[in-house]
Amino acid sequence: MYKIQANASGTRSIEVSDTHLETIKRYALLKNLIDSNGIIDEPVLDKLKFNCRSILESQAEVDRNLMDLCLDVIYNNYMKAFGLHNLVLLFVEWTGCRQQEERGEKE
């Protein structure tokens, strides 16, 4: 379980699990989310929310992991642009660690 800081003052945090991160990876939720300027602001968070909602509505059967990700992280009351930035950083770090582990297993 990981914790991301949700606001600049550090008084709010959101817990993120490996299952949440795997769900982000499976649905490629962060791919092409951020514009070329690299700025994560509230419209980027709204775009992520719309993408998740669209995926959930288009599925015949609800993916419980995606629903948990939405409820626990993306639609969390504390989630703002600052929190999304930290989620992206966590995801990049987590992905890098997973790739190193996979390379270590192959050797």
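A residue counts as buried when its relative accessible area is under 20%, and as exposed when that figure is over 50%, with partly exposed in between. Keep that in mind while we walk through this structure, which is a predicted model.

Let's start with Thr95, which sits in helix H4, residues 81-106. Its relative accessibility is 17%, so Thr95 counts as buried. The side chain of Thr95 also has a polar partner: the backbone oxygen of Phe91, at 2.7 Å.

Now hop over to Gln5, in strand S1, which covers residues 2-5. Gln5 has a relative accessibility of 32%, so this one is partly exposed. Leaving aside residues up to four places away in sequence, Gln5 touches Gly10, Arg12, Ser13, Phe82, Gly83 and Asn86. And how far apart are the C-alpha atoms of Gln5 and His85? They are separated by 9.4 Å, although the two residues are 80 residues apart along the chain. Gln5 has a polar contact too, between its side chain and the backbone oxygen of Asn7, at 2.7 Å.

Here are the polar contacts of this report side by side, including one at the end of a helix that we'll come to shortly.

| Side chain | Backbone atom | Distance |
|---|---|---|
| Thr95 | oxygen of Phe91 | 2.7 Å |
| Gln5 | oxygen of Asn7 | 2.7 Å |
| Asp63 | nitrogen of Asn65 | 3.0 Å |

On to a pair of helices. Two packed helices can be described by the angle between their axes and the distance between those axes. For H1 (residues 18-27) and H3 (residues 64-74), the angle is about 115° and the axes are 9 Å apart. The crossing of H1 past H3 is left-handed. Which residues actually meet there? From H1 come Thr19, His20, Thr23, Ile24, Arg26 and Tyr27, while H3 brings Asn65, Leu66, Asp68, Leu69, Asp72 and Val73. It's a mixed bunch: five are nonpolar, four polar and three charged.

H3 deserves a closer look by itself. Its buried residues are Leu66, Leu69, Cys70, Val73 and Ile74. They cover an arc of only 110° around the axis, so they end up on the same side of H3. The spacing fits a general rule: an α-helix has 3.6 residues a turn, so residues three or four places apart point the same way. Facing away from the buried side of H3 are the exposed residues Arg64 and Leu71. Finally, the N-terminal end of H3 is capped by Asp63, with a side-chain oxygen 3.0 Å from the backbone nitrogen of Asn65.

Terms used: Residues are numbered from 1 along each chain as its sequence is written. This is a predicted model: local features need pLDDT of at least 70, side-chain atom pairs count only at pLDDT 80 or more; totals for chains, interfaces and linings use all residues. Side-chain values use heavy atoms; hydrogens and water are left out. Axes are lines fitted to C-alpha atoms, for helices over the stretch in contact, and angles run from 0 to 180 degrees between N-to-C directions. Helices (H or I, at least four residues) and strands (E, at least two) are DSSP runs, numbered from the N terminus. A crossing is left-handed if the near helix is turned anticlockwise from the far one by less than a right angle, and right-handed if clockwise. Contact means heavy atoms within 4.5 Å. Ala, Val, Leu, Ile, Met, Phe, Trp, Tyr, Cys and Pro count as nonpolar, Asp, Glu, Lys and Arg as charged, and the others, Gly among them, as polar. Buried means under 20% relative accessible area, exposed over 50%, partly exposed in between (1.4 Å probe, protein chains only). The arc is that of the directions from the helix axis to the C-beta atoms. A polar contact is a pair of N or O atoms within 3.5 Å; within protein, one must be able to donate a hydrogen and the other to accept it, and residues adjacent in sequence count only if both atoms are side-chain atoms.
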